[in-house]
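Here are my notes on the model you asked about, set out point by point. I have kept them short so that you can read them with the structure open beside you.

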Amino acid sequence: MSKSTLTTPENPDDRAPYRGRNHDIWVYAIVSYKQVNTIIFQEDQAMTEYRDMREAIVDQAVAIAERSCWEAVRLFDVAAELNITLDDIRPYFREKEDIIDAWFDRADGVMLKVAEQDDFLTLPPRDRLHRLIMAWLDALAAHRMVTRQMIGSKLEPGHIHIQIPAIMRISRTVQWMREAAQRDATFLRRALEETALTTLYLATFTHWMFDESTNAQRTRMFLAQQLQMAEILDQAVYGFWQKKNQSSPQPTAPRKPELLAETTGGLHTVRTASESPMKNAATESPRQPG
């Protein structure tokens, strides 16, 4: 085989096909990169527009409720004030009750942002929960009366189809709360902790809905007291079991017999420490005289 068949052609005219092929590859790569960036930009823009419209619908519904009451809010009024149609609202909310869930989802987001603060993880567990719960309530504080009316609409008798999802909604907020506070209990202790935190959260929420004090100071004090009591109870219950487990005698493994080596008359015999010398003497064969 000749050398010319193993290398790139020396003639510049012969190298032209190679240059053209590489050029096409680079052009294709650049065009593909631009197309991917365009698609990503369009998806980000669409997502931003979706979030903006969703938030606008929630804000408009709350604004109408402030002027009248939540019971009087109608989706066609929301559509009219936003200059859109009911069919434009439908991709965002299947019904009016979904707007309530979105209102509380907004509070969940504010609460999780608090957990990203630099000093958050340096706080004791009780203070973390206090900051998270109050951040959740503060996100709704500007429209406390409307929030109270939203809860009242979910508690109306006969609305089982609304109340069951509301229970799930409460559980979801509590789970995010535990994650943000980095609570890592497992099994029975986790279940008891979730129950206690749910009870404490609902009690504080109820107290807050009727709290007219400046900056909800009464609610803050109420929550601090409840968290302190919960912490004392937790330490009393699990501290007792931890001490009991530590004071329980630990089972000891049976002692293995130690082997002792003896040399008798040039013969190497082995006996255990539990065997007496008398027993060994009785079992040894008498030495024959030389």
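1. Let me begin with a definition for the helix check below: the expected span of a helix is 1.5 Å times one less than its number of residues. Please keep in mind throughout that this is a predicted model.

2. Helix α5 is a good place to apply that rule. With 14 residues at 1.5 Å a residue, α5 should span 20 Å, and its end C-alpha atoms are 20 Å apart, so the two values agree.

3. Now for the overall layout. The chain holds 10 helices and two strands. Read from the N terminus, its elements run α-α-α-α-α-α-α-α-α-β-β-α.

4. A few totals for the chain may help. It has 290 residues, and 27% of them count as buried. The accessible surface is about 20,300 Å², with 59% of that belonging to carbon and sulfur atoms. Among contacts with a separation of 6 or more, 60% are between residues 24 or more positions apart.

5. Back to α5, this time for burial. Which residues of α5 are buried? They are Arg128, Leu129, His130, Leu132, Ile133, Met134, Ala135, Trp136 and Leu137.

6. Leucine 132, found in helix α5, deserves a closer look. Its relative accessibility is 0%, and the cut-off for buried is under 20%, so leucine 132 counts as buried. Not counting residues up to four places away in sequence, leucine 132 touches Met111, Val114, Ala115, Phe120, Met177, Ala180 and Ala181. One of these partners, alanine 115, is 17 residues from leucine 132 along the chain, and their C-alpha atoms are separated by 7.4 Å.

7. Threonine 204 is a polar residue by class, and it is found in helix α8. Is threonine 204 buried or exposed? Threonine 204 is buried, because its relative accessible area is 0%, against a cut-off of under 20%. Leaving out residues up to four places away in sequence, threonine 204 touches Ile133, Leu137, Thr219, Phe222 and Leu223. Of these, Ile133 and Leu137 are also listed among the buried residues of α5.

8. Next, the largest pocket, which holds about 640 Å³ of space. It is lined by 22 residues, and the closest to its centre are Glu193, Ala196, Ala230, Glu231 and Asp234. The elements that give two or more residues to this lining are α5 (125-138), α8 (187-209) and α9 (217-247). Helix α9 gives the most, with 10 residues. By class, the lining of the largest pocket has 13 nonpolar, three polar and six charged residues.

9. The second largest pocket holds about 330 Å³ of space. Its lining has 17 residues, of which Ile151, Ala166, Ile170, Leu202 and Phe205 lie nearest the centre. Two or more residues come from each of α4 (96-114), α6 (144-154), α7 (160-181) and α8. The largest share, six residues, is from α7. Sorted by class, the lining of the second largest pocket has 11 nonpolar, three polar and three charged residues.

10. One last item to view on screen is helix α8. This helix gives two or more residues to the lining of the largest pocket, and it does so for the second largest pocket too. Threonine 204 is found in this helix as well.

How values were computed
Residues numbered from 1 in each chain as written. Predicted model: local features only at pLDDT ≥ 70, side-chain atom pairs only at ≥ 80, totals over all residues. Heavy atoms only, no water. 1 Å grid on protein atoms, 1.4 Å probe; cavity = no way out; pocket = protein on both sides within 12 Å on 5 of 7 lines; lining within 4 Å. Points joined across faces, edges and corners; volume = space filled by probe spheres on them. Helix = DSSP H or I, 4+ residues; strand = E, 2+ residues; numbered from the N terminus. Buried < 20%, exposed > 50% of the residue type's maximum accessible area, 1.4 Å probe, protein only. Contact = heavy atoms within 4.5 Å. Areas by Shrake-Rupley, 256 points an atom, 1.4 Å probe, with all protein chains shown as cover.
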